[in-house]
Amino acid sequence: MNAIVSLVHFCEVDGPSVIFCTQAFHANSAEDNLDEVSVSSRGSSPVADQTHSDNSRETLSNRKEPFVNINRPAPASCASCAFSLPPLDTKPIHNSEIKGFKTRDEENPLVTYKGSRYPQDQQLYAAVRQACVRSLSCEFCQGREGPVLFGDDKNGYVLSYMFKIKDSQARGFQRWYSFIFLMTDRVYLVESWPFLVSKFRILATGIQSKANQIFEKENAAKEERNDGTFLTRSGPLPPTSPDQFLRRRANQPLRSLVDLLKSKDFFVQLHANFSWILKACGRHLQEKPINDQTMFPNSVVFSPKTIMLLDPIATCQSSFGLNCLKGDYETRIEDLKALYNILGLDAFRKLILNFVKGNQLIIRGNDPRIVQSVISNLKELVPNECCSIMENENNYQTISKCNILGLSATTQIPDDVNKSTVCSLYISQDYNKSPKDDIARMNTFEFDLQYGIDDKWIYSAPNSFINQLLGILKLNLPNELMNTRIMIFKEQWSSKAKQFLRFITGNNNEGRNASANMDLTKQMEVIKYLDINENDLPIIKFWAGLKTT
Amino acid sequence: MSHSEGDEYSLHTSPIGNDVSEDPVQDHRPRLLIMGLRRSGKSSIQKVVFHKMPANETLFLESTSKIIKENITSFIDFQVWDFPGQIDYFDTATYDSDVIFGEYGALIFVIDAQDDYIEALNRLHQTVLRAHERNKNLTFEVFIHKVDALSDEYKIDTQRDIQQRTTDELADVGLENVPLSFYLTSIYDHSIFEAFSKVIQKLIPQLPTLENLLNILCSNSGIEKAFLFDVNSKIYIATDSSPVDMQTYEICSDMIDVIIDISEIYGRTTSFHHISDEIYEDNQTQVETNGKTGNYGTTTDTANDAASLIKLNNGMVLCLRGVNRFLALVCLLRSDNFEKHGLIDYNFQCFKQAIADVFELKRRSAERFRHEGMRLSVSEENVGG
């Protein structure tokens with residue numbers, strides 16, 4: 001995700017100015033030579049920065065410059081819009097100027113989050129600057145505090161959360177700030193709106209309540225001071241003469257946030273928060289429009305990088321249709337329901353469970369067309385990437401090559417194959433009797449189900465996958481509707497599988513390989529939220545592409 | 001009583017008219033652009049003049065971060081744009097300066113006279129250069145502001161200095177002919193209203209007609225000085241050709257305040273009020289308000305009948321007459337001349353009719369042009385008094 005999050009301020013002296021921004025960098029992108037000090041995102045004692053005196057000297061020299069430099073990208077800064085780091089605990093490695101923070105992502109070593117006053121990239125700087133000016137001095141928000149979304153393709157899209165904080169030294173006793181979140185993907189930004197707004201709101205109210213406390217304290221102190229003198233009245237006190245007021249602080253910048261909130265590690269915390277927001281925002285699941293406008297396009301290239309809720313249904317339809325055209329209507333098993341009727345509850349259940357759990361299915365039969373139709377029905381049940389098919393083979397192929405295997409009736413399964421990972425279905429039809437009516441024709445099938453997983457696992461406990469599937473099959477829907485229903489059912493489960501995968505790989509640095517070893521209690525916790533039960537775990541793992549063994 | 005309840009006053013109307021729905025950028029009413037360095041007093045001026053904010057409360061205004069656009073609906077509709085001082089609006093990358101400066105109007109540049117004004121002059125120079133480049137018709141008004149704390153001598157020196165420097169600098173780049181006017185202003189006295197009056201008068205195409213009408217009225221009724229006031233803002237939009245004395249202006253302006261205050265309290269009912277009250281120790285006041293209050297958007301005549309008379313102890317009479325719902329005529333005359341009461345009343349009726357004709361003409365031509373989808377051009381036609 002390509003985004004930058006920053007804090008901007010309408011400075012009394014400089015107008016809209018960027019105070020601080022945090023960006024995520026990936027290790028493969030060009031490393032820039034910022035002299036940051038690394039800060040752990042946990043906010044433990046931060047290692048930081050250079051002296052404040054440097055800053056103030058800079059301020060002095062810049063202050064007298066004419067207005068022309070207001071919009072110049074030079075890092076001219078007054079105290080109120082400078083960001084500063086807490087005093088050093090340890091000496092920095094070298095004495096050059098330190099510009100920001102760097103946070104390493106503990107879960108993904110390739111990512112670092114860098115916080116600095118400005119983004120290093122010139123183009124990005126322009127975009128952030130533009131967003132800052134626009135958010136503070138152009139955009140209006142209902143009630144003046146709150147979120148606004150604006151932007152264009154050139155400068156990116158911006159979510160800006162405006163808020164004001166109390167400051168007893170400021171004009172009107174308040175100062176305007178805004179959090180801005182800039183990214184190029186408008187759709188993603190809009191989708192992230194609820195998340196970002198809620199997080200920004202929490203941050204803003206935190207800052208505001210802190211500032212309020214200090215504001216009240218300062219006001220009370222001021223009143224007390226004035227009680228001793230000749231003026232006694234409540235509220236903010238006007239200066240004794242307008243002249244005095246106008247001269248007072250006229251050219252003096254206001255306090256920085258660190259001083260205003262009296263929290264030395266304000267920017268460290270802000271950076272940690274920004275980093276977290278960047279990270280969390282990049283992780284949410286996203287719905288993407290797929291190229292084809294139809295709901296279930298026939299073929300879409302599946303790339304592992306895109307996350308799609310809608311898995312394309314591959315070419316099954318066409319092969320299915322082909323079979324149909326070739327003729328012999330009678331030798332085909334139309335749909336899952338037909339298969340269910342033929343096999344009966346127990347056998348169907350066993351077959352399906354073996355399949356969705358990742359075992360190899362071997363379909364044998366004297367008529368290859370029946371075998372093919374069974375296979376095409378079955379493969380619609382699982383996501384495409386979980387399904388590799390060899391429809392018509394004469395020799396046994398291992399599970400690494402395919403998980404649905406169509407074999408000729410005479411082929412034997414070698415003895416060295418682990419029988420618990422294989423489930424074999426033998427279908428034969430007696431051609432001599434072929435009665436006219438459908439129901440009788442079903443009865444002409446003979447089948448034989450062999451091997452596969454323990455019956456115990458099948459019957460020991462409720463399994464939501466098979467129960468839901470059977471529920472759908474019993475619905476007595478028209479064919480087309482039934483197919484759609486099954487498709488949706490499959491999408492639901494594959495989305496559960498994806499969430500599961502996200503969750504366990506997210507918690508694990510080594511990714512997929514180690515995730516199978518992840519402790520069971522954690523997995524149980526996850527599946528509880530996904531609304532599935534323990535017995536579905538192997539299914540979910542298989543669908544997520546994890547090895548179950 | 002809050003000043004914001006504008007449409008309840010008999011002489012008062014809400015600054016936001018019935019056409020607020022129009023896009024302020026799209027419509028072509030004249031613009032007053034208030035610019036200047038930060039803390040120079042732009043927002044204070046705007047608040048004091050158009051919102052009746054007491055001057056000492058402006059100390060607590062927060063700094064302006066956005067352009068504040070405000071539509072003023074009055075005898076002449078215009079917009080006031082209050083700019084934040086921190087932002088350079090000529091930066092073409094960020095702002096479309098043609099949209100901002102392209103319209104007919106005036107640019108008011110505010111300089112804080114109590115501060116070191118060298119930086120402000122630099123900015124003024126830049127502003128004039130670039131704004132003139134974009135729009136040759138823009139008039140430039142320089143308010144040398146916050147002069148209340150300065151001594152009279154120092155005031156004059158400051159104005160001379162600023163005027164000298166600015167014109168010299170502009171002459172250096174060949175812009176001698178750009179019209180710049182300088183005003184000494186302060187929100188603590190009437191000078192800001194006076195300055196605003198002059199600025200706005202430049203935006204009124206009918207000004208010569210109005211002045212002519214006032215001259216005729218004055219000479220025929222023995223009036224010493226007459227002002228045509230915009231009641232809302234206490235800006236005078238026209239006066240007769242005799243020189244304006246600051247004290248005269250102040251007393252006339254104060255009279256409007258008195259009328260507004262009285263009508264706020266007593267002017268709400270439809271019944272006729274005759275109040276005789278002693279406001280000052282030696283000023284006998286007689287106020288007649290016949291203002292039916294209520295919705296001014298539909299009934300236009302209600303405020304027109306407002307009339308008031310204040311006799312001053314120096315033998316002068318202050319006389320106020322409502323002209324229409326935005327305007328009031330305030331005139332100062334000797335009590336000897338006030339003997340001919342009926343004549344003055346008659347003359348005033350004629351004057352009122354003439355004013356109505358002038359604005360009716362403008363309104364009709366505006367309507368016609370709106371119908372034809374053409375750009376509004378204000379026709380100027382002399383209407384005899």
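Start by selecting helix H12 of chain A, residues 464-473. Seven of its 10 residues are buried, where buried means under 20% relative accessible area, exposed over 50% and partly exposed in between (1.4 Å probe, protein chains only). Colour A:Ser464, A:Phe465, A:Ile466, A:Leu469, A:Leu470, A:Ile472 and A:Leu473 to see the buried set of H12(A). An α-helix has 3.6 residues a turn, so residues three or four places apart point the same way. The helices (H or I, at least four residues) and strands (E, at least two) on this tour are DSSP runs, numbered from the N terminus.

A word on what you have open: this is a predicted model, in which local features need pLDDT of at least 70 and side-chain atom pairs count only at pLDDT 80 or more, while totals for chains, interfaces and linings use all residues. Residues are numbered from 1 along each chain as its sequence is written, chains are lettered from A and ligands numbered from 1 in the order in which they are written, and side-chain values use heavy atoms, with hydrogens and water left out.

**Stop two: a covered strand**

Stay in chain A and select strand S8, residues 174-183. Because 10 of its 10 residues are buried, S8(A) is largely enclosed by the rest of the structure. One side carries A:Gln174, A:Trp176, A:Ser178, A:Ile180 and A:Leu182, and the other A:Arg175, A:Tyr177, A:Phe179, A:Phe181 and A:Met183.

Now add the strands that pair with S8(A); pairing asks for at least two DSSP bridges between two strands. Strand S1 (residues 3-11) of chain A runs antiparallel to S8(A) over seven bridges, and A:His9 has A:Tyr177 as its bridge partner. Strand S7 (residues 156-166) of chain A is also antiparallel to S8(A), joined by 10 bridges; look there for A:Tyr161 opposite its bridge partner A:Phe179.

**Stop three: where the chains meet**

Next, show both chains and select the residues in contact (heavy atoms within 4.5 Å). You should find 28 residues from chain B and 33 residues from chain A. Together the chains bury about 2900 Å², 53% of it on carbon and sulfur atoms; buried area is the accessible area (1.4 Å probe) lost by two parts on being put together, summed over both. Highlight B:Arg39, B:Glu62 and B:Lys66, which supply 25% of the area that chain B buries against chain A, more than any other three residues.

How many salt bridges are there between chain B and chain A? The count is two, each needing a side-chain nitrogen of Lys or Arg within 4 Å of a carboxyl oxygen of Asp or Glu. Zoom in on the one between B:Arg39 and A:Glu12, whose closest N and O atoms are 4.0 Å apart.

**Stop four: inside chain B**

Chain B has eight helices and 13 strands, and 55% of its 385 residues count as buried. Select helix H1, residues 42-51: eight of its 10 residues are buried, so H1(B) is largely enclosed by the rest of the structure. Its buried residues include B:Ile45, B:Val48, B:Val49 and B:Phe50. Step just past H1(B) to B:Lys52, which takes a positive phi of about 55 degrees.

Finish at B:Asp88, in the loop between strand S3 (78-82) and helix H2 (97-101) of chain B. Is B:Asp88 buried or exposed? B:Asp88 counts as buried because its relative accessibility is 17%. Draw a distance from the B:Asp88 side chain to the backbone nitrogen of B:Phe90, and you should read 3.0 Å.

Key:
Polar contact = N/O pair within 3.5 Å; in protein donor to acceptor, adjacent residues only side chain to side chain.
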